Amino acid sequence: QVQLVESGGGLVQAGDSLRLSCAASARTFSSTAMGWFRQAPGKEREFVAAISSSGDTTYYLESVKGRFTISRDNAKKTVSLQMTSLKPEDTAVYYCAASRPSAYSGRYYINPDQYNYWGQGTQVTVSS
């Protein structure tokens, strides 16, 4: 069983930055692709960013490209989402997700069905 714990959410103003972190308990973290998703009130969960197990490959939602950066530290078993130039439309609960371990170190996933473990979420609110 993998446990994911997010932190770093909060209330900020438009244009501000925020850094989300996710700590994982998985022994096989270095073989696990990770992702960030978000869900705004009344909307479906939305893919935000993904990173391969090696950290060499990343992928982003078009609307956050150039503003958000996903990274990971396999030694510390953490994945982070650095968010800059935040907009009110970025307001949502942000979730960290982990896939099952894979031998393909360069693979990432954007479909939530490809993730097996989820954190409890952290609220990000951006005021205008």
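Which residue does a disulfide join to Cys22? The partner is Cys96, and the S to S distance is 2.1 Å. The model is a predicted one, and the count of disulfides in it comes to one. The torsion about the S-S bond is -75 degrees, and the link of Cys22 and Cys96 is left-handed. This disulfide ties together distant parts of the chain: Cys22 belongs to strand 3 (residues 18–24) and Cys96 to strand 9, with the two cysteines 74 residues apart. Cys22 and Cys96 are both buried.

The salt bridges come next. The structure holds four of them. Side chains of opposite charge can pair when their charged atoms come close. Arg38 pairs in this way with Asp90, and their closest N and O atoms are 3.0 Å apart. The contact links distant parts of the chain, since Arg38 lies in strand 4 and Asp90 in the loop between strand 8 and strand 9, 52 residues apart. Are these two charged residues, Arg38 and Asp90, buried or exposed? Arg38 has a relative accessibility of 6% and therefore counts as buried. Asp90, at 0%, counts as buried too.

Asp90 also forms a salt bridge with Arg67, where the closest N and O atoms are 2.8 Å apart. Here again distant parts of the chain are linked: Arg67 sits in the loop between strand 6 and strand 7, Asp90 in the loop between strand 8 and strand 9, and 23 residues separate them. Like Asp90, Arg67 is buried. Salt bridges join Arg38, Arg67 and Asp90, together with Glu46, in a network.

Another salt bridge runs between Lys65 and Glu62, with the closest N and O atoms 3.1 Å apart. Lys65 counts as partly exposed because its relative accessibility is 42%. Glu62 has a relative accessible area of 59% and so is exposed.

From Arg67 the chain leads on to strand 7, which spans residues 68–73. In a regular strand the side chains alternate between the two faces of the sheet. Strand 7 shows such an alternation: Phe68, Ile70 and Arg72 point to one face and are buried, whereas Thr69, Ser71 and Asp73 point to the other face and are not buried. Which strand pairs with strand 7, and over how many bridges? The partner is strand 8 (residues 78–83), in the antiparallel sense, and the pairing runs over six bridges. One residue of strand 7, Thr69, has Gln82 of strand 8 as its bridge partner. The two strands make a hairpin with four residues between them. In the turn of this hairpin, Lys77 has a positive phi of about 60 degrees.

Arg72, on the buried face of strand 7, also takes part in a contact with an aromatic ring. Its charged end sits over the ring of Phe29, 4.4 Å from the ring centre. A second contact of this kind involves Arg45, whose charged end sits over the ring of Trp118 at 4.6 Å from the centre.

Trp118 leads to the aromatic residues. The structure holds seven aromatic pairs. In one of these, the ring centres of Phe37 and Phe47 are 5.7 Å apart and the planes stand at 75 degrees; an angle over 60 degrees counts as edge-to-face, so this pair is edge-to-face. The pair links distant parts of the chain, with Phe37 in strand 4 (residues 34–39) and Phe47 in strand 5 (residues 46–51), ten residues apart. Phe37 and Phe47 are buried.

The rings of Tyr59 and Tyr108 are arranged in another way: their centres are 5.3 Å apart and their planes at 10 degrees, so the pair is stacked. Tyr59 is in strand 6 (residues 58–60), and Tyr108 is in the loop between strand 9 (92–98) and strand 10 (117–118), so the pair links distant parts of the chain, 49 residues apart. Tyr59 is partly exposed, with a relative accessible area of 35%. Tyr108 is likewise partly exposed, at 29%.

Which aromatic cluster do these residues form? Phe37, Phe47, Tyr59 and Tyr108 belong to one cluster with Tyr109, Tyr115 and Trp118. Through Trp118, the cluster includes the ring over which the charged end of Arg45 sits.

How values were computed: Residues are numbered from 1 along each chain as its sequence is written. This is a predicted model: local features need pLDDT of at least 70, side-chain atom pairs count only at pLDDT 80 or more; totals for chains, interfaces and linings use all residues. Side-chain values use heavy atoms; hydrogens and water are left out. Rings of Phe, Tyr and Trp (its six-membered ring) pair if their centres lie within 6.5 Å; planes under 30 degrees apart count as stacked, over 60 as edge-to-face and the rest as tilted. Buried means under 20% relative accessible area, exposed over 50%, partly exposed in between (1.4 Å probe, protein chains only). A charge sits over a ring if NZ of Lys or CZ of Arg is within 6 Å of the ring centre and within 35 degrees of the ring normal. A disulfide is a pair of cysteine sulfur atoms within 2.5 Å. Two strands pair if DSSP finds at least two bridges between them. A salt bridge is a side-chain nitrogen of Lys or Arg within 4 Å of a carboxyl oxygen of Asp or Glu.
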